[in-house]
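Trainee: Got a minute to go through this one with me? I'd like to start with a residue and work outwards.

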Amino acid sequence: MLFRSPAFVFVRRHAISFGCGVLSLGLILTVYLREDEIPEAEALLAKRSAERDRVALNIKNSAQLAEQNESLVTSVRQIESRLIRPTDLGTNTQFFYTLEQETGVKITDLRQGNVTAPAAGSAAKLVPVGFSVGAQGTLPQILNFLRQLEGGRHYCRVLTASFVGNSASRNAVLTVALSVEMLGQP
């Protein structure tokens, strides 16, 4: 008798329409009940997509990581070999006397200044080491001395320079007073 009821006959005649209506009602009910979960799911998707992109970029950039690391290690060794130690006073002054022999200038005064230690808790591993240098020589000798000082094996910069000489003679002996900073490691 149930199969002959007018409602069942109606459903049977319009089965596709009835099925679509039930499916639509089910989908509407599902969307309504899960509506608050959509923003959370989108946020999670965005977070995981960003993480995936970051990992993919890391994988792409790690292709030459060993070579780049070796290059950095080599560069650090090279930089450390060019640093001076403020406590090695003999080695530091020997550098200037070697320049004196190579350039022909005569060093008249050479003093290493005090070194200020980096502040406690500071990440600084390098300190400037000041030197006062007095030298005599001709202009080409003094210029060669300055070139070798700035382009030599240690990192160096000339802070101040004062020249005294005889302007009447072109090859007269000049006296130069330099204030120099060299990069050091405490």
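Mentor: Start with Glu100, then. Leaving aside residues up to four places away in sequence, Glu100 touches Val105, Lys106 and Ile107. Keep in mind that this is a predicted model.

Trainee: Where does Glu100 lie?

Mentor: In helix H5, which covers residues 89–103.

Trainee: And how far away is the nearest side chain of opposite charge?

Mentor: That side chain is Lys106, at 5.7 Å. A salt bridge needs a side-chain nitrogen within 4 Å of a carboxyl oxygen, so 5.7 Å does not qualify. Glu100 is therefore buried without a salt bridge, taking buried as under 20% relative accessible area.

Trainee: Staying in helix H5, what about Asn92, buried or exposed?

Mentor: Asn92 is also placed in helix H5. Its relative accessibility is 4%, so it counts as buried.

Trainee: What does Asn92 touch?

Mentor: Ile84, Arg85, Pro86, Gln112 and Phe131, again without residues up to four places away in sequence.

Trainee: Back to charges. How many salt bridges does a search of the whole structure find?

Mentor: The search gives 3. One of the pairs is Glu181 with Arg157, where the closest N and O atoms are 2.7 Å apart. That pair links distant parts of the chain: Glu181 is in strand E4 (residues 174–184) and Arg157 in strand E3 (residues 156–164), with their positions 24 residues apart.

Trainee: Which residue does Arg111 pair with?

Mentor: Asp109, with the closest N and O atoms 2.8 Å apart. Asp109 has 29% relative accessibility, so it counts as partly exposed.

Trainee: And Arg52? Which residue forms its salt bridge?

Mentor: Asp53, at 2.9 Å between the closest N and O atoms. Arg52 is exposed, with a relative accessible area of 53%, while Asp53 is partly exposed at 44%.

Trainee: For the charges overall, how far apart are the mean positions of the positive and negative ones?

Mentor: They are 6 Å apart, taken over 19 positive and 16 negative charges.

Trainee: Changing topic: what is the pattern of helices and strands along the sequence?

Mentor: The protein chain has 6 helices and 4 strands. Read along the sequence, the pattern is α-α-α-α-α-β-β-α-β-β.

Trainee: Is the chain spread out or compact?

Mentor: Spread out. The radius of gyration is 40 Å, whereas the globule rule gives 16 Å for 186 residues, so the chain is more spread out than a compact globule. Along the principal axes, the C-alpha atoms fill a box of roughly 130 × 40 × 30 Å.

Trainee: What share of the residues is buried?

Mentor: Buried residues are 19% of the 186 in the chain. The accessible surface is about 13,900 Å², and carbon and sulfur atoms account for 59% of that.

Trainee: And what share of the contacts comes from residues 24 or more positions apart?

Mentor: They make up 62% of the contacts with a separation of 6 or more.

Trainee: Last one. Where is Ala161, and what does it touch?

Mentor: Ala161 is in strand E3. Beyond residues up to four places away in sequence, Ala161 touches Ala177 and Leu178. Its relative accessibility is 43%, so Ala161 counts as partly exposed.

Trainee: How far is Ala161 from Ala46 in space?

Mentor: The C-alpha to C-alpha distance is 60 Å, and the two are 115 residues apart in sequence.

Terms used. Residues numbered from 1 in each chain as written. Predicted model: local features only at pLDDT ≥ 70, side-chain atom pairs only at ≥ 80, totals over all residues. Heavy atoms only, no water. Helix = DSSP H or I, 4+ residues; strand = E, 2+ residues; numbered from the N terminus. Rg over C-alpha atoms; globule rule 2.2 N^0.38 Å. Buried < 20%, exposed > 50% of the residue type's maximum accessible area, 1.4 Å probe, protein only. Contact = heavy atoms within 4.5 Å. Areas by Shrake-Rupley, 256 points an atom, 1.4 Å probe, with all protein chains shown as cover. Lys, Arg positive; Asp, Glu negative; His and termini not counted. Charge placed at Lys NZ, Arg CZ, Asp CG, Glu CD.
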